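Welcome! Take a moment to look over the chain below, and then we will walk through it together.

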Amino acid sequence: MAKYKTLDDFDLKNKVVLVRVDFNSEIDPNTKKVTSDVRIKAHAETTIKELAEKGAKTVILAHQGRKGDADYTPLEAHAEILGKILGCPVKYVDDVYGEKAQAAIKALQSGEILVLENVRSFDGETKKGTPEQHSKTPVVQNLAPLADLFMNDAFAAAHRGHVSMVGFTAVLPSCAGRIMERELKSLAKALEMPEHPCVYVMGGAKADDSLEISKYVLGNGIADYVLVGGVTSQLFLAAKGVDLGKKTMDFLAKKDLTQYLEGIKELLAKYPKAVVLPTDVALDVEGKRKEISVAELPTEYSIFDIGSKTVACFAAIIKDAKSIVVSGPMGVYENSEFNYGTKGVFEAIADSEGFSLAGGGNTIAAINEYGLSSKIGYISTAGGALIEFLMGKKLPGVVALENAVTEKKI
Ligand code: 3PG
């Protein structure tokens with residue numbers, strides 16, 4: 001039984017609902033335009049649509065980028081996109097909690113939607129604090145008295161204990177939105193009660209994350225196998241004692257990854273059979289793919305993909321799996337010479353009869369490129385939050401929902 005409330009637990013008609021969503025999207029650094037509406041769409045078609053249909057007065061709180069970064073923008077464009085997706089007018093006010101924002105909230109009618117300004121324009125938003133401490137901030141003190149309910153739908157930001165993520169739960173009845181609920185239920189399938197054999201496929205270049213996840217899922221009997229590809233697998237091979245060649249080792253050192261060699265060595269010693277590494281790789285030889293076996297290393301060329309024997313080996317393990325989690329591509333998938341590994345392994349996951357879960361920007365981009373999205377059991381909207389969840393960490397946004405007050409206290 002979930003420890004948090006959902007939309008089903010409240011009568012929403014005419015209620016002012018503060019909804020924290022994660023609209024954080026890719027932004028073109030030159031035009032400042034939103035280039036991917038995936039997250040906006042996810043919230044729009046589920047939680048926000050349902051709130052409007054049930055007659056709530058919906059007030060949206062969201063962030064975009066971080067102050068000082070190129071993708072830090074106001075939310076006017078996001079509100080416009082939301083309106084287009086929903087096919088109805090969406091109001092926007094360039095204020096988070098001041099007089100303009102308060103007046104706009106008071107003027108809302110049943111079924112109307114209002115987007116407030118980027119919550120990170122308030123300086124204290126990203127400071128660390130407990131829900132009780134955050135409830136004393138001007139954002140919560142000014143907005144909560146106008147609201148009946150706080151709804152957190154921002155699973156993708158749930159690893160942030162920021163003001164707008166946790167502060168309202170100390171003073172308002174709170175619940176999870178549909179995306180939050182869907183993410184938590186799907187992730188539970190992969191982490192809390194996976195059907196076995198359970199296989200984690202770790203790729204990409206975030207070797208530190210992959211190491212932490214592997215330790216957690218193998219150490220807690222969650223995964224039976226961890227299949228390693230991408231840049232991460234190069235580091236794992238080096239930790240196993242394979243001489244990759246100077247070029248690759250310099251590359252790994254430049255990416256600051258060699259510091260994890262010792263930790264990976266320990267993992268490999270503890271789980272020699274469960275951690276499965278490539279047996280062959282594809283080299284970039286003047287722009288062309290050349291496969292060699294791991295036994296033939298070292299090489300003076302860059303390693304850009306796993307080899308076809310490795311793909312076959314990974315696919316065979318995936319075929320028998322009942323649960324599969326995938327995060328990160330197997331190679332330089334953006335280049336058609338080197339997408340063989342990613343395509344092959346992802347197709348095997350799509351063809352598997354087991355429950356599959358995928359997350360992370362590159363992973364989702366590759367899944368979409370190969371037209372596999374309808375064959376993946378669940379695609380998470382989250383990046384960092386998903387990684388922290390898979391490492392077994394408690395997410396502050398979720399913990400706050402579980403401990404929320406049940407009556408309005410402001
Ligand atoms: C994300 O995109 O991972 C979330 O929106 C969190 O963004 P942040 O890393 O800037 O807190």
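Which residue is the bridge partner of D284 in β12? The partner is S302. This is a predicted model, where local features need pLDDT of at least 70 and side-chain atom pairs count only at pLDDT 80 or more, while totals for chains, interfaces and linings use all residues. Residues are numbered from 1 along each chain as its sequence is written, and side-chain values use heavy atoms, leaving out hydrogens and water.

Let us stay with that sheet. Strands β11, β10 and β12, in that order, make an open, antiparallel sheet (two strands pair if DSSP finds at least two bridges between them). At its edges are β11 and β12, each paired on one side only. From one strand to the next, the twist averages 40°. Between β10 and β12 there are four bridges. Helix α13 lies across β11 and β12, at about 20° to β12 (axes are lines fitted to C-alpha atoms, for helices over the stretch in contact, and angles run from 0 to 180 degrees between N-to-C directions; contact means heavy atoms within 4.5 Å).

| Element | Residues |
|---|---|
| β10 | residues 280-285 |
| β11 | residues 288-293 |
| β12 | residues 302-306 |
| α13 | residues 340-351 |

Now for the whole chain. It holds 16 helices and 15 strands (DSSP runs of H or I with at least four residues, and of E with at least two, numbered from the N terminus). Of its 410 residues, 56% count as buried, meaning under 20% relative accessible area with a 1.4 Å probe, protein chains only. The C-alpha atoms fill a box of roughly 70 × 45 × 35 Å along the principal axes.

Conventions: Buried < 20%, exposed > 50% of the residue type's maximum accessible area, 1.4 Å probe, protein only.
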